[in-house]
Amino acid sequence: MVRDTNRHFRFDWITIILFLLLVGFGWLNILSASHTGTSIDYFDFSQPFGKQLIFIFLTVGLIVLLLAIDAKFYERFSSIIYFTSMLSLVGLFVFGKNVNGATSWYAIGGMTIQPSEFAKMATALAVAKYVSDLNFNINSLKNQIQLFVIILIPAVLVLLQNDTGSTIVYGAFFFVLYREGLPRYYLTFGISTVILSVLALKFGAIITSVIAIVAVISYHFLSKKKLRIYQSILISVFAIAMSFGVKFFYQNILQPHQQDRISLWLNLEKDPVKLERMKQTFAYNLNESEKAISSGGFLGRGFLEGTRTTGKFVPEQHTDYIFSTVGEEWGFLGSSLVVITFVLLLLRILHLAELQKSQFSRVYGYSVAAIIFIHFFINIGMVMGLIPTIGIPLPLFSYGGSGLWAFTILIFIFIKLDSNRINEW
């Protein structure tokens, strides 16, 4: 009897410990970035660090609930969860509250809920359910289109709310599908599109077209796997069209602030006066973030000792720019430990995903890892100026109940699915 009872508590404690480490250290940095004055009331619930403490406390109950639910529930009701989540996104166009230019929030009493955070989890469940269907064939064009529709629906709804950052996250599912056997040309197409876009903006459409044509010709004659003439022509035409299309999209479709962010990232602006104006306006956060990180040195200035953090030089530092607090107060060493902890969490999830006996659990596990990776990669790259500024939180670190709960649900559903594998062993 005791043995049967213990079987229900066979969860992967390595993943849970890594989760707790990130949440706990994240709260310390939220405290540092948001406290005011010399003395600190750790239970001041009017401050972000106090509110986050409430969110963390409620997260404990959420975890207990997620682990108490039967693992088969998540697969059986994945379609309903997805449909409900899509309805919550549609409802924002009628009942949503605009925050920082994005209509992505429901105002409920004195708090706000961001359904786009939970939609990622719902989409991961829906993708896992569809891919694991007995009649699904990933090489079937019909199945591919239906699968892409499942991913595109939330992505488009989020994009229409002017939340570009959350929209980009849905690209993570292509890595998951590639693991499940999606033809390689999809991944090649995606990577080529990104490279052509960057080259076209940096060097112009004509030079990029010439580079692309030379690359196609070289591949045609030097590669062991020869391209047919019509394939080479089609690829060249696509490259030329993409090169000129990106320039048109950049100049006529993107908003001015989006153009400025890309221009600053690629160093396209040569006018020193305009460049300085850009750094003092929309790029102010990034500029101050880089200064805060660089001032931390190897060991950092110490907890609550960061001058730029305590001086509030980085606006809203406790949200998307929370990593700059880590860099200033904990230095290169502390920042490296945070990165290592995230990498360990990702590797652990991928390892567990490979051990799953059901395709549903495996696909969902890979989806969890891919979503966390995209958030982690973009946020830290953004804060350090390595990629354009995109509003996207650092998982389990940035302030906010919606983000914390969404990632908690995302991770602990997988922990429950994995425990089902262990208990049935």
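These legends go with close-up views of helices H10 and H11 and a nonpolar patch in a predicted model.

**View 1. Helix H10 from end to end.** H10 covers residues 184–203 (helices are DSSP runs of H or I, at least four residues, numbered from the N terminus). Its 20 residues should span 28 Å, and the end C-alpha atoms are indeed 28 Å apart; the expected span is 1.5 Å times one less than the number of residues. Just after H10 comes Gly204, with a positive phi near 100 degrees.

**View 2. The two sides of H10.** Thr193, Leu196, Ala200 and Leu201 are the buried residues here (buried is under 20% relative accessible area, exposed over 50%, partly exposed in between; 1.4 Å probe, protein chains only). Seen down the axis of H10, they fall within an arc of 120 degrees, so they line one face of the helix; the arc uses directions from the axis to the C-beta atoms. They pack against H11, H12 and H13, with contact meaning heavy atoms within 4.5 Å. Arg184 and Val194 are exposed on the face turned away from that buried side.

**View 3. A nonpolar patch on the surface.** Ile206, Val210, Ile213, Val214, Ile217, Phe221, Leu222, Ile240 and Phe244 share about 890 Å² of accessible area. Patch residues have over 30% relative accessible area and no salt bridge, with nonpolar side chains joined within 5 Å. H11 brings the largest share, seven residues, and H12 supplies at least two. Val214, in H11, counts as partly exposed because its relative accessibility is 47%.

**Notes.** Residues are numbered from 1 along each chain as its sequence is written. Local features need pLDDT of at least 70, side-chain atom pairs count only at pLDDT 80 or more, and totals for chains, interfaces and linings use all residues, while side-chain values use heavy atoms, leaving out hydrogens and water.

How values were computed: Patches are made of residues with over 30% relative accessible area and no salt bridge: like charges are joined within 9 Å, nonpolar side chains (Val, Leu, Ile, Met, Phe, Trp, Tyr) within 5 Å. Accessible areas come from the Shrake-Rupley method with a 1.4 Å probe; for residues, only the protein chains shown count as cover. A salt bridge is a side-chain nitrogen of Lys or Arg within 4 Å of a carboxyl oxygen of Asp or Glu.
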